[in-house]
Amino acid sequence: SGARHALKRGLDVVLSGAALLALVPVFITLAVLVRRDSPGPVIFRQKRVGRGGEVFEMLKFRSMVQTAEDDLAGLLDRNESSGVLFKMQHDPRVTRVGRWMRKYSLDELPQLWNILCGDMSIVGPRPQLVRDMVFMTPEQNRRHEVRQGLTGLAQIKGRNAITWEEKLAYDIQHVDNISFWND
């Protein structure tokens with residue numbers, strides 16, 4: 001309903017705004033660590049698919065070398081994940097600081113800005129890469145009926161230990177059962 005979505009959006013704005021203010025020292029520290037660890041920008045920007053299929057620029061602290069996107073093609077035969085997801089336990093593109101940030105999901109903190117701007121929500125399906133959309137069925141595309149989230153059911157249920165299909169099923173479960181209490 002409209003009231004439920006308005007409440008969710010209101011909480012997203014208040015919580016992300018407060019978190020951004022409270023975490024300023026953490027942001028500064030992480031920015032310095034990323035800058036010292038490897039050359040390149042501190043923030044990594046990537047096109048992702050959001051609510052209603054709209055493409056937006058998702059922000060992260062850069063946790064990989066600057067050439068990571070270009071280097072991916074040479075690593076595809078070492079993929080340890082199912083479906084279209086690419087995962088490697090010891091991905092050589094990940095920087096030393098990046099490994100530590102990813103362990104604690106600190107690289108995701110700039111997405112609080114995406115939440116404040118309305119591109120994302122605190123809870124929802126994780127934003128999908130644009131290139132992966134061709135692999136999704138119309139039923140799986142239902143995950144885009146809601147704002148994509150900083151965290152979601154798939155992360156709670158298994159994060160990297162679940163298959164592509166399980167991840168998408170959890171995303172649809174979230175869409176079908178969205179509520180303040182489930183969040």
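Which side chains meet in a salt bridge at 3.0 Å, N to O?

**Exercise 1. The salt bridges of R142**

Find the acidic partners of R142 and classify their exposure.

Solution.
- Step 1. This is a predicted model.
- Step 2. The side chains of R142 and E139 meet in a salt bridge, at 3.0 Å from N to O.
- Step 3. R142 also forms a salt bridge with E145, where the closest N and O atoms are 3.4 Å apart.
- Step 4. E139 has a relative accessibility of 44%, so E139 counts as partly exposed.
- Step 5. E145 is at 43% relative accessibility and counts as partly exposed.

**Exercise 2. Confidence**

What is the mean pLDDT of the protein, and where is confidence lowest and highest?

Solution.
- Step 1. The mean pLDDT is 88.
- Step 2. A value of 70 or more is reached by 92% of the residues.
- Step 3. Confidence is lowest in helix α3, residues 68-71, with a mean of 75.
- Step 4. Confidence is highest in helix α5, residues 111-117, at 98.

**Exercise 3. The pair K60 and E108**

Locate the salt bridge of K60 with E108, then decide whether each residue is buried or exposed.

Solution.
- Step 1. A search of the whole structure gives 11 salt bridges.
- Step 2. In one of them, the side chains of K60 and E108 meet at 3.5 Å, N to O.
- Step 3. K60 belongs to strand β2 (residues 55-61), while E108 sits in the loop between α4 (96-103) and α5; the pair therefore ties together parts that are 48 residues apart in sequence.
- Step 4. Buried means under 20% relative accessible area. K60 has 15%, so K60 is buried.
- Step 5. E108 has a relative accessible area of 15% and is buried.
- Step 6. A network of salt bridges links K60, D107, E108 and R126.

**Exercise 4. Packing of α2 with α4**

At what angle do helices α2 and α4 pack, and which residues make the contact?

Solution.
- Step 1. Two numbers describe a pair of packed helices: the angle between their axes and the distance between the axes.
- Step 2. For helix α2 (residues 24-37) and α4, the angle is about 145 degrees and the axes are 8 Å apart.
- Step 3. From α2, the contact is made by L30, L33, V34 and D37. From α4 come R96, V97, G98, W100 and M101.
- Step 4. Sorted by class, the contact has six nonpolar residues, one polar and two charged.

**Exercise 5. The sheet**

Which order do the strands of the open sheet have, and which strands stand at the edges?

Solution.
- Step 1. Strand β1 (residues 43-49) runs antiparallel to β2, and seven bridges join them.
- Step 2. R48 stands opposite F56 in β2.
- Step 3. β1 and β2 form a hairpin with five residues between them. G52, in the turn, has a positive phi of about 70 degrees.
- Step 4. β1 also pairs with strand β4 (residues 128-129), in the antiparallel sense, over two bridges. Here Q128 is the bridge partner of V49.
- Step 5. The open sheet of three strands thus has the order β2-β1-β4, with antiparallel pairing.
- Step 6. β2 and β4 stand at the edges. Each has a single partner strand, so one side of each is left without a neighbour in the sheet.

Notes:
Residues numbered from 1 in each chain as written. Predicted model: local features only at pLDDT ≥ 70, side-chain atom pairs only at ≥ 80, totals over all residues. Heavy atoms only, no water. pLDDT = per-residue confidence, 0-100. Helix = DSSP H or I, 4+ residues; strand = E, 2+ residues; numbered from the N terminus. Salt bridge = Lys/Arg side-chain N within 4 Å of Asp/Glu carboxyl O. Buried < 20%, exposed > 50% of the residue type's maximum accessible area, 1.4 Å probe, protein only. Axes fitted to C-alpha atoms, helices over the stretch in contact; angles between N-to-C directions. Contact = heavy atoms within 4.5 Å. Nonpolar A, V, L, I, M, F, W, Y, C, P; charged D, E, K, R; others polar. Pairing = 2+ DSSP bridges.
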